[in-house]
Amino acid sequence: MAAPGALLVMGVSGSGKSTVGALLASELGWKFYDADDYHPEENRMKMGKGIPLKDQDRIPWLCNLHDILLRDIASGQHVVLACSALKKAYRDVLIRGKECAPLQCDETGKDKQPAEVKLLVVHLSGSFEVISRRLLKRKGHFMPPELLQSQFDTLEPPSAPENFIQISVDKNLSEIIATVMETLK
Ligand SMILES: Nc1ncnc2c1ncn2[C@@H]1O[C@H](COP(=O)(O)OP(=O)(O)O)[C@@H](O)[C@H]1O
Ligand SMILES: O=C(O)[C@H](O)[C@@H](O)[C@H](O)[C@H](O)COP(=O)(O)O
């Protein structure tokens with residue numbers, strides 16, 4: 001396939017986004033962003049207290065990530081982004097920015113054609129049991145494992161016409177990386 005400007009590695013908390021995203025970026029020589037590092041303090045505090053985020057908490061965070069992707073791609077930089085991006089609408093914001101955000105309609109931007117990020121979505125998909133076991137073992141992270149059920153409840157797996165592949169988290173890391181690299185050939 002023609003190389004996308006960016007790879008989005010998405011999935012619920014603990015599905016392996018950060019691990020897989022960093023490995024892919026290193027393999028491809030692309031820049032890596034972990035969306036966790038871009039949450040405002042209020043979002044981190046909320047999640048830390050076991051309160052799931054809502055659309056209004058996530059949309060500004062996603063708009064900021066869209067701007068970062070667009071800026072890098074415009075300067076010729078390819079990017080890997082690890083980001084939960086649980087709903088289709090969230091992935092649309094990553095691709096098109098705030099013009100398509102459900103809660104942030106910009107009246108003045110209505111007839112403008114938004115700049116789009118050409119994205120390949122890599123969905124790391126797995127069972128509650130496997131992912132929850134991994135989360136319970138993970139140390140030193142602000143996201144409490146108790147929020148995993150709400151992540152599954154919110155998840156809208158990508159489907160056509162989205163440009164995506166789905167990979168099972170049951171595969172080992174080298175198999176996951178090889179599958180993505182094969183898709184990009
Ligand atoms: N394919 C895999 N097989 C086994 N363990 C994995 C795999 N992917 C990730 N892990 C482990 O699962 C845990 C969660 O991964 P992480 O990358 O932090 O997920 P996320 O960024 O989606 O929250 C980490 O301890 C990581 O080492
Ligand atoms: O949209 C969200 O609810 C959050 O982004 C969440 O999905 C994300 O997973 C956290 O940032 C925790 O980080 P980990 O995914 O690394 O556990």
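## Around ligand 1

In this predicted model, helix 1 gives the largest share of the shell around ligand 1, namely three residues. The shell has 16 residues in total, and the closest of them are Gly16, Lys17, Ser18, Thr19 and Arg134. Two helices each supply at least two residues of this shell: helix 1, which spans 17-28, and helix 7, which spans 173-184.

What kinds of residue surround ligand 1? Eight are polar, four are nonpolar and four are charged.

## Around ligand 2

A second ligand has its own surroundings. Here 14 residues lie around ligand 2, and those that come nearest are Ser13, Asp36, Leu53, Ser84 and Met143. Sorted by class, the shell of ligand 2 holds seven polar, four nonpolar and three charged residues.

## The central sheet

If you now look for the strands, you will find an open sheet of five, paired in parallel and arranged in the order 2-3-1-4-5. Strand 2 (31-34) and strand 5 (164-168) form the edges, each pairing on one side only. On average, neighbouring strands of this sheet are turned by 20° against each other, with direction ignored.

One pairing is worth following by eye. Strand 1, covering residues 6-10, runs parallel to strand 3, covering residues 79-82, and four bridges join the two. To find one of these spots, start at Leu8: its bridge partner in strand 3 is Leu81. As general background, the strands of a sheet pair through backbone hydrogen bonds, in either a parallel or an antiparallel way.

## Helices on the sheet

Helix 1, already met beside ligand 1, also packs on the sheet, where it touches strand 1, strand 2, strand 3 and strand 4 (119-125). The direction of helix 1 makes about 175° with that of strand 3.

Helix 3, made of residues 55-74, lies across strand 1, strand 2 and strand 3. Relative to strand 3, helix 3 runs at about 165°.

## Helix 1 meets helix 7

The two helices that contribute to the shell of ligand 1 also meet each other. The axes of helix 1 and helix 7 come within 10 Å and cross at roughly 55°. Are these helices parallel or oblique to each other? They are oblique, because an angle of roughly 55° falls outside the ranges that count as roughly parallel, antiparallel or perpendicular.

Helix 1 passes helix 7 in a right-handed crossing. On the helix 1 side, the contact is made by Thr19, Val20, Leu23, Leu24 and Glu27, while helix 7 brings Leu173, Ile176, Ile177, Val180 and Met181. Eight of the residues in this contact are nonpolar, one is polar and one is charged. Thr19 is a residue to remember, as it is listed both in this contact and among the closest residues to ligand 1.

## Helix 3 meets helix 4

Helix 3 has a helical partner too. It packs with helix 4 at an angle of about 35°, and the axes are 7 Å apart. Helix 3 passes helix 4 in a right-handed crossing.

Which residues meet here? Helix 3 offers Arg58, Ile59, Leu62, Cys63, Leu65, His66 and Leu69, and these meet Tyr90, Val93 and Leu94 of helix 4. By class, this contact of helix 3 with helix 4 has eight nonpolar residues, one polar and one charged.

## Two backbone details

Two loops reward a closer look. In the loop between strand 3 and helix 4 (88-96) you will find Ala85. Its phi is near 40°, which is a positive value in a residue other than glycine.

The other detail involves Pro161, placed in the loop between helix 6 (148-154) and strand 5. A cis peptide bond joins Ala160 and Pro161, with omega at about 10°.

Terms used:
Residues numbered from 1 in each chain as written. Chains lettered and ligands numbered in written order. Predicted model: local features only at pLDDT ≥ 70, side-chain atom pairs only at ≥ 80, totals over all residues. Near = placed C-beta within 6 Å. Nonpolar A, V, L, I, M, F, W, Y, C, P; charged D, E, K, R; others polar. Axes fitted to C-alpha atoms, helices over the stretch in contact; angles between N-to-C directions. Left-handed = near helix turned anticlockwise from the far one by under 90°. Contact = placed C-beta atoms within 7 Å. Pairing = 2+ DSSP bridges.
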